[in-house]
Amino acid sequence: MIIARIAHEEIKAKDPKYHATITKEIELLKEFAQEEINPFVESAVWADDNKAIAWGAFSNWHFVDTPVIAEGFEGEYEVDNANATWAIYEMRKTLKNMNKPKFNSGLALSFAWRYLIHLVGDIHQPLHASALYSDQFPHGDRGGNSFKITYPADKQVKNLHALWDSCVDQYGSIWAPVSDEEWNLLGKYSDDIKSEYPRSRVNKRVKVLDEREWAKESNKIATEVVYADIEPNTTPSEEYITRGREVVNEQLAVAGYRLADLMLQLRHYVSEGEEVESFMTE
């Protein structure tokens, strides 16, 4: 949710009116979520929350397993076309469509915002854009899920993917509904990250708003950092953890700024003077 919190603050400061419009559209599916304090930010985990009800039709949207090929591996591999980059592209199309709908399109808009927010976060996590192929993993390591590790600091972290999903053991685990205390923590985390990585420091990267390039960046990080200096069934070194946290924090900042800038560009048809209405009937 840190990425969503950064984007939330950025958009609210730059265009409060459009921020209110986006929030109203996101809130259309609030009844089918666990959000309380701020649906804009809390909706970042909605796509994952739905996995609890076997919401599997969109599972491939969460990643693009571009191969990281280990030295000496000569096997075959393929990348599913219905992946995170494709899904982000499709959500963008929906959210910048200027054709007047013939029906209440609120459900589609809310769904698209929610998945866009989630997937922009996913694709900046290097192991959502990579899979290691090696003699040990001839069919790929499923974005680090099959790459087992030991991590005494948190025994729930049993594989490389889990370690990187945890921001390399930073910030804890915050899910909707967010408490007041957790909301304040999210604010502190996002402020600290923006202080360490202000726009001026990462501006060149932030300007890139092509999801395919984001995936390439993440895959490069996976090759040069995530899969470097670590072997399956070992414990990450202190140096590995320190380097990983630095990479994660920059990714969080860049993703938050990019998400904000992208969302500000996605203007779609809204009748003049009309409020966003619920698609639910009373």
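Rings of Phe, Tyr and Trp, the last taken by its six-membered ring, pair if their centres lie within 6.5 Å. In this predicted model, one aromatic cluster is formed by Trp 46, Trp 55, Phe 58, Trp 61, Trp 86, Phe 111 and Tyr 115. The structure holds 17 aromatic pairs.

A pair of aromatic rings is described by the distance of the centres and the angle of the planes. Within the cluster, Trp 55 pairs with Phe 58. Their centres are 5.4 Å apart, and the planes meet at 35°. The pair is therefore tilted, since planes under 30 degrees apart count as stacked and those over 60 as edge-to-face. Trp 55 has a relative accessibility of 29%. Trp 55 therefore counts as partly exposed, between the limits of 20% and 50%.

A second tilted pair joins Phe 73 and Tyr 133. Here the centre-to-centre distance is 6.2 Å, with 40° between the planes. This pair links distant parts of the chain, 60 residues apart. Phe 73 belongs to the loop between strand 1 (67–69) and helix 5 (84–95). Tyr 133 belongs to strand 2 (residues 131–133). Both Phe 73 and Tyr 133 are buried.

Two arginines lie over aromatic faces. Arg 5 covers the face of Trp 183, at 3.8 Å from the ring centre. Arg 267 takes up a position over the face of Tyr 18, at 3.7 Å from the ring centre.

Tyr 18 also takes part in a helix contact. Helix 2 (residues 16–27) and helix 6 (residues 106–123) have axes that come within 7 Å. The axes cross at roughly 105°. Helix 2 is therefore roughly perpendicular to helix 6, as angles of 65 to 115 degrees fall in that class. Helix 2 contributes Tyr 18, Ile 22, Glu 25, Ile 26 and Glu 27 to the contact. Helix 6 contributes Leu 109, Ser 110, Trp 113, Arg 114 and Ile 117. Six of these contact residues are nonpolar, one is polar and three are charged.

Several backbone features stand apart from the usual pattern. Most residues other than glycine have a negative phi, and most peptide bonds are trans. The peptide bond between Ala 176 and Pro 177 is cis, with omega about 0°. Pro 177 sits in the loop between helix 7 (160–165) and helix 8 (180–196). Ala 54 has a positive phi, near 60°. Ala 54 occupies the loop between helix 4 (46–49) and strand 1. With 68% relative accessibility, Ala 54 counts as exposed, because the cut-off is over 50%. Arg 142 likewise has a positive phi, near 55°. The loop between strand 2 and helix 7 holds Arg 142.

Val 225 is part of helix 10 (residues 211–226). Its relative accessible area is 12%. Val 225 is therefore buried, as this value is under 20%. Beyond its neighbours within four places in sequence, Val 225 is in contact with Trp 164, Tyr 240, Arg 243 and Val 247. Val 225 and Tyr 240 are separated by 15 residues in sequence. In space, their C-alpha atoms are 8.2 Å apart.

Conventions
Residues are numbered from 1 along each chain as its sequence is written. This is a predicted model: local features need pLDDT of at least 70, side-chain atom pairs count only at pLDDT 80 or more; totals for chains, interfaces and linings use all residues. Side-chain values use heavy atoms; hydrogens and water are left out. Axes are lines fitted to C-alpha atoms, for helices over the stretch in contact, and angles run from 0 to 180 degrees between N-to-C directions. Helices (H or I, at least four residues) and strands (E, at least two) are DSSP runs, numbered from the N terminus. Angles under 35 degrees count as roughly parallel, over 145 as roughly antiparallel, 65 to 115 as roughly perpendicular and the rest as oblique. Contact means heavy atoms within 4.5 Å. Ala, Val, Leu, Ile, Met, Phe, Trp, Tyr, Cys and Pro count as nonpolar, Asp, Glu, Lys and Arg as charged, and the others, Gly among them, as polar. Buried means under 20% relative accessible area, exposed over 50%, partly exposed in between (1.4 Å probe, protein chains only). A charge sits over a ring if NZ of Lys or CZ of Arg is within 6 Å of the ring centre and within 35 degrees of the ring normal.
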